[in-house]
Structure formats: structure tokens, C-alpha cells
Amino acid sequence: MKLLQELILLDKKERGFHLITADILRAIPQIKNFSIGMCQVFIQHTSASLSINENADPTVRIDFETYFNKAVPENDPDYLHDYEGSDDMPAHLKSSIIGSSVLIPIQNGALALGTWQGIYLCEHRDSGERRKLVVTVWGG
């Protein structure tokens with residue numbers, strides 16, 4: 001079995017849902033040497049998350065942001081963790097709901113994503129920072 005691991009530092013992004021599939025593929029060109037395997041993408045942050053979803057219509061990403069802002073509102077008086085700003089605790093909650101990693105099969109040297117699937121960076125802070133991802137590939 002072959003193993004590959006790369007650290008990716010994404011540019012700072014505004015709050016919202018951003019397609020990062022191309023960033024990941026640029027970081028692991030060696031994926032072409034894997035006929036079968038798995039690729040895990042893990043984010044090393046607690047106020048941003050990762051997801052796989054629609055990669056064609058940008059309104060889907062806008063609707064995701066709208067939904068999560070309604071489901072996890074800012075300025076909730078019951079939040080105790082508020083010293084980093086009103087968007088911080090909601091960002092932690094959104095990150096836990098969506099998740100910190102995605103796992104994608106590899107087939108014939110490529111990510112086996114569906115036709116309309118892409119990998120999202122879900123940035124939950126108003127002024128997010130550069131985000132670190134660990135991409136691990138294993139297989140043969």
C-alpha cells in the first residue's frame with residue numbers, strides 16, 4: 001500500500017461556502033499513481049468545516065450560508081463563549097454540525113466524486129484566517 005500526505009494552506013476566504021476541489025487536486029498530483037484508494041481531507045480548525053455538495057450552481061452555496069445562519073444565529077444571549085466576537089460560537093457549532101473531514105474514494109487515479117460534486121471549505125467566521133488542511137491518500 002502506498003501512502004501520501006500533504007499540508008495545504010488555503011488563502012483567506014470570506015464567510016461562506018467555497019469550492020476547493022481544484023486546490024486539493026493541485027496539492028496531490030501524485031493521485032494519478034493510485035488506481036484504487038481513499039483520500040481524506042481534514043481541516044485543522046474549529047471555526048470552519050468541510051463538506052461535499054453541488055459544484056455547478058453557485059446559488060446552492062449561498063443557500064447553505066442562508067440556512068446555517070438561520071439555524072445557528074449570532075448574538076444568542078445564551079452563548080457563554082463570546083470573547084472572540086459574535087460570530088465565533090456560531091462558527092464552532094456550524095463546524096461541529098458539518099464536520100472536520102471528508103473521505104473520497106479514488107478510482108483510476110482520480111477522486112471518485114459524482115458529476116455534480118465538489119469539496120467545500122465552509123468558512124464560518126466573518127474574517128476567517130488562512131486555513132490548513134491535511135490531505136492523506138492511501139491505496140495502490
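This report walks through the fold, the surface and the salt bridges of a predicted model of one protein chain.

## Overall fold

Let's start with the layout. The protein chain has three helices and eight strands. Reading from the N terminus, the order of elements is β-β-α-β-β-α-α-β-β-β-β. The radius of gyration is 16 Å, close to the 14 Å that the globule rule gives for 140 residues, so the chain is as compact as a globular protein of that length. Along the principal axes, the C-alpha atoms fill a box of roughly 50 × 30 × 20 Å.

How do the contacts spread along the sequence? If you take contacts between residues at least 6 apart in sequence, 83% of them join residues at least 24 apart.

## Inside and outside

Of the 140 residues in the protein chain, 42% count as buried. On the outside, the chain exposes about 7,600 Å², and carbon and sulfur atoms supply 53% of that area.

As for charge, the protein chain carries 13 positive and 18 negative charges. The mean positions of these two sets lie 9 Å apart.

## Arg15 and its partners

Side chains of opposite charge can pair when their charged atoms come close. This structure holds nine salt bridges, and Arg15 is a good place to begin looking at them. The side chain of Arg15 meets that of Glu74 in a salt bridge, at 2.5 Å from N to O. This pair links distant parts of the chain: Arg15 sits in strand β2 (residues 14-19), while Glu74 is in the loop between α2 (58-71) and α3 (88-98), 59 residues apart. Arg15 has a relative accessible area of 19%, and because buried means under 20%, Arg15 counts as buried. Glu74, at 24% relative accessibility, is partly exposed.

Arg15 also forms a salt bridge with Asp126, again with 2.5 Å from N to O. Here strand β2, which holds Arg15, is linked to strand β7 (residues 117-127), which holds Asp126, and the two residues are 111 apart in sequence. Asp126 is partly exposed, with a relative accessible area of 47%. Which residues make up the network of salt bridges around here? Arg15, Glu65, Glu74 and Asp126 are linked in it.

## Arg125 and Glu84

Move to Arg125 and you find a salt bridge to Glu84, with the closest N and O atoms 4.0 Å apart. Arg125 lies in strand β7 and Glu84 in the loop between α2 and α3, so the pair ties together parts that are 41 residues apart in sequence.

Are the two partners buried or exposed? Arg125 is buried, at 14% relative accessibility. Glu84 is partly exposed, with a relative accessible area of 41%.

## Around helix α3

Now for α3 itself. Its buried residues are Asp88, Met89, Pro90, Ala91, His92, Lys94 and Ser95. What do they pack against? The buried residues of α3 pack against β2, β4 (48-54), α2 and β7. Two of these elements have come up already: β2 holds Arg15 and β7 holds Asp126.

Right after the helix, have a look at the backbone: α3 is followed by Gly99, whose phi is positive, near 120°.

Note on methods: Residues numbered from 1 in each chain as written. Predicted model: local features only at pLDDT ≥ 70, side-chain atom pairs only at ≥ 80, totals over all residues. Heavy atoms only, no water. Helix = DSSP H or I, 4+ residues; strand = E, 2+ residues; numbered from the N terminus. Rg over C-alpha atoms; globule rule 2.2 N^0.38 Å. Buried < 20%, exposed > 50% of the residue type's maximum accessible area, 1.4 Å probe, protein only. Contact = heavy atoms within 4.5 Å. Areas by Shrake-Rupley, 256 points an atom, 1.4 Å probe, with all protein chains shown as cover. Lys, Arg positive; Asp, Glu negative; His and termini not counted. Charge placed at Lys NZ, Arg CZ, Asp CG, Glu CD.
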